[in-house]
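Trainee: Got a minute? I'd like to walk through this one with you.
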Amino acid sequence: MLSRKKQNIRMLLISLVLFWFFTVSLIAGSNLAIQQESIRQILQSVEDLVGEANTKVVREIEERIHVLNVTSKYITVDELKQIEKQEKLESLEERLNEVIEKNKFKRIGISLLDGTTYLNNGERISVKDREYFQQTLNGNEYVSYLMKSKLDGKEVNVYSVPVIKQGEIVAVLWASVYTEQFYNTLDLNFLSGDAQTFFIDDDGQLIISAFAIHNNFYEFIQEYGDSNRNKKSLKLMKEDIKNKKSGYQKFEYNEQELYIYYTKVQ
């Protein structure tokens with residue numbers, strides 16, 4: 001948990017990687033032990049390594065979206081009608097479960113236009129209130145923020161694509177992954193284990209978290225203290241991120257200097 005990590009801070013690097021957004025890295029060290037040159041060297045190391053991390057992020061997202069797009073093409077109009085009639089489709093479940101097994105998804109669902117969803121295990125739920133469903137009805141391929149699963153309450157991310165027949169959106173195909181598993185797949189822990197990686201958007205909303213924090217990264221940062229320096233640094237960081245600019249800011253926490261590095265992902 002975060003409280004234990006705070007107690008053991010010596011040098012902490014946090015890289016926040018945003019889907020189409022930003023990577024932000026937090027470096028902490030003792031005022032007595034870390035000199036400016038060391039900080040500069042660490043920041044340069046982070047900048048070099050972030051390029052590789054960003055490539056992994058983009059590749060992982062593109063591959064999963066591609067799998068869903070291919071799968072959506074094999075969903076037939078007759079199957080959608082059967083789902084609407086609340087009939088059981090064993091052959092469809094078998095196909096969806098094969099996709100899960102090959103791509104390490106947690107769950108796959110086919111959602112009709114009213115949000116009624118047929119899951120790969122035959123269960124039915126409604127996702128009409130989920131943003132990924134609403135966004136994809138508008139024709140967008142989508143990767144969700146970190147959210148709680150409706151089935152087991154665990155943290156997940158959802159990929160979704162429209163199901164298109166004869167030029168019209170007739171359903172939404174989505175697949176969830178456990179956030180922890182997603183993070184581990186990306187293998188973004190670098191700098192000898194002192195790195196943590198998060199995904200946020202330009203409002204600070206959390207997409208992927210290395211460990212449990214607020215759903216908003218800016219709220220997480222505010223917990224480090226209310227000093228004037230921290231308020232000013234946070235304001236400058238927010239402005240940079242809004243403007244898609246890379247950089248870093250200095251913060252103070254528990255008599256330590258913290259440096260947050262941020263850069264965007266394509």
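**Strands, bridges, cores and cavities**

Mentor: Glu155 is a fine place to start: its relative accessible area is 30%, so Glu155 counts as partly exposed. Keep in mind that this is a predicted model.

Trainee: Which residue does Glu155 meet in a salt bridge?

Mentor: Lys148. Their side chains meet at 3.9 Å, N to O. Lys148 is partly exposed, with a relative accessible area of 49%.

Trainee: How many salt bridges does the structure hold?

Mentor: Nine. One of them joins the side chains of Asp129 and Lys150, at 2.8 Å, N to O. That pair links distant parts of the chain, 21 residues apart. Asp129 sits in the loop between strand S5 (124-126) and helix H5 (131-137). Lys150 sits in the loop between strand S7 (147-148) and S8.

Trainee: Is Lys150 buried or exposed?

Mentor: In between. Lys150 is partly exposed, at 40% relative accessible area.

Trainee: What about Asp240 and Lys245?

Mentor: Their side chains also meet in a salt bridge, 3.8 Å from N to O. Asp240 is buried, with a relative accessible area of 14%. Lys245 is partly exposed, at 44%.

Trainee: Why does Asp240 count as buried at 14%?

Mentor: Because the cut-off for buried is under 20%, and Asp240 has 14%.

Trainee: New topic. Where is Ser160?

Mentor: In strand S8, residues 155-165. Ser160 is buried, and its relative accessible area is 0%.

Trainee: Which side chain makes a polar contact with Ser160?

Mentor: The side chain of Thr136, at 2.6 Å. Leave out residues up to four places away in sequence, and Ser160 touches several others, including Ile65, Leu68, Tyr132, Asn140 and Trp174.

Trainee: What's in the largest nonpolar core?

Mentor: It has 31 residues. The ones that touch the most other members are Ile83, Phe105, Ile108, Ile110, Tyr159 and Leu173. Elements giving two or more residues include helix H3 (77-84), helix H4 (90-103), strand S3 (107-111), S8 and strand S9 (168-178).

Trainee: Which element gives the most?

Mentor: H2, with five residues.

Trainee: What does Ile110 touch?

Mentor: Skip residues up to four places away in sequence. Then its contacts include Ile75, Leu80, Ile83, Leu92, Leu96, Val172 and Leu173. Apart from that core lies another, of 16 residues, among them Ile200, Leu206, Phe220 and Phe251.

Trainee: How many cavities of 30 Å³ or more are there?

Mentor: Two. The largest has a volume of about 120 Å³. Its lining has 14 residues, and Tyr132, Ser149, Lys150, Trp174 and Ser176 lie nearest its centre. S8 and S9 are the elements that give two or more residues to that lining. Tyr132 and Trp174 came up before, as contacts of Ser160. Lys150 came up too, in the salt bridge with Asp129.

Trainee: Last thing. What is the phi of Gln166?

Mentor: Positive, about 50°, although Gln166 is not a glycine. Most residues other than glycine have a negative phi. Gln166 lies in the loop between S8 and S9. At 85% relative accessibility, Gln166 counts as exposed.

Trainee: And what about Lys244?

Mentor: Lys244 has a positive phi of about 60°, and it is not a glycine either. Look for Lys244 in the loop between helix H8 (228-242) and strand S12 (247-253). Lys244 counts as partly exposed, at 29% relative accessibility.

Conventions
Residues are numbered from 1 along each chain as its sequence is written. This is a predicted model: local features need pLDDT of at least 70, side-chain atom pairs count only at pLDDT 80 or more; totals for chains, interfaces and linings use all residues. Side-chain values use heavy atoms; hydrogens and water are left out. Helices (H or I, at least four residues) and strands (E, at least two) are DSSP runs, numbered from the N terminus. Buried means under 20% relative accessible area, exposed over 50%, partly exposed in between (1.4 Å probe, protein chains only). A polar contact is a pair of N or O atoms within 3.5 Å; within protein, one must be able to donate a hydrogen and the other to accept it, and residues adjacent in sequence count only if both atoms are side-chain atoms. Contact means heavy atoms within 4.5 Å. A salt bridge is a side-chain nitrogen of Lys or Arg within 4 Å of a carboxyl oxygen of Asp or Glu. A nonpolar core is a set of buried Ala, Val, Leu, Ile, Met, Phe, Trp, Tyr and Cys residues joined through side-chain atoms within 4.5 Å. On a 1 Å grid over the protein atoms alone, a cavity is a set of points where a 1.4 Å probe fits but cannot get out, and a pocket is an open set with protein on both sides within 12 Å along at least five of seven lines; lining residues have an atom within 4 Å of a point. Grid points are joined across faces, edges and corners, and a volume is the space filled by probe spheres set on the points.
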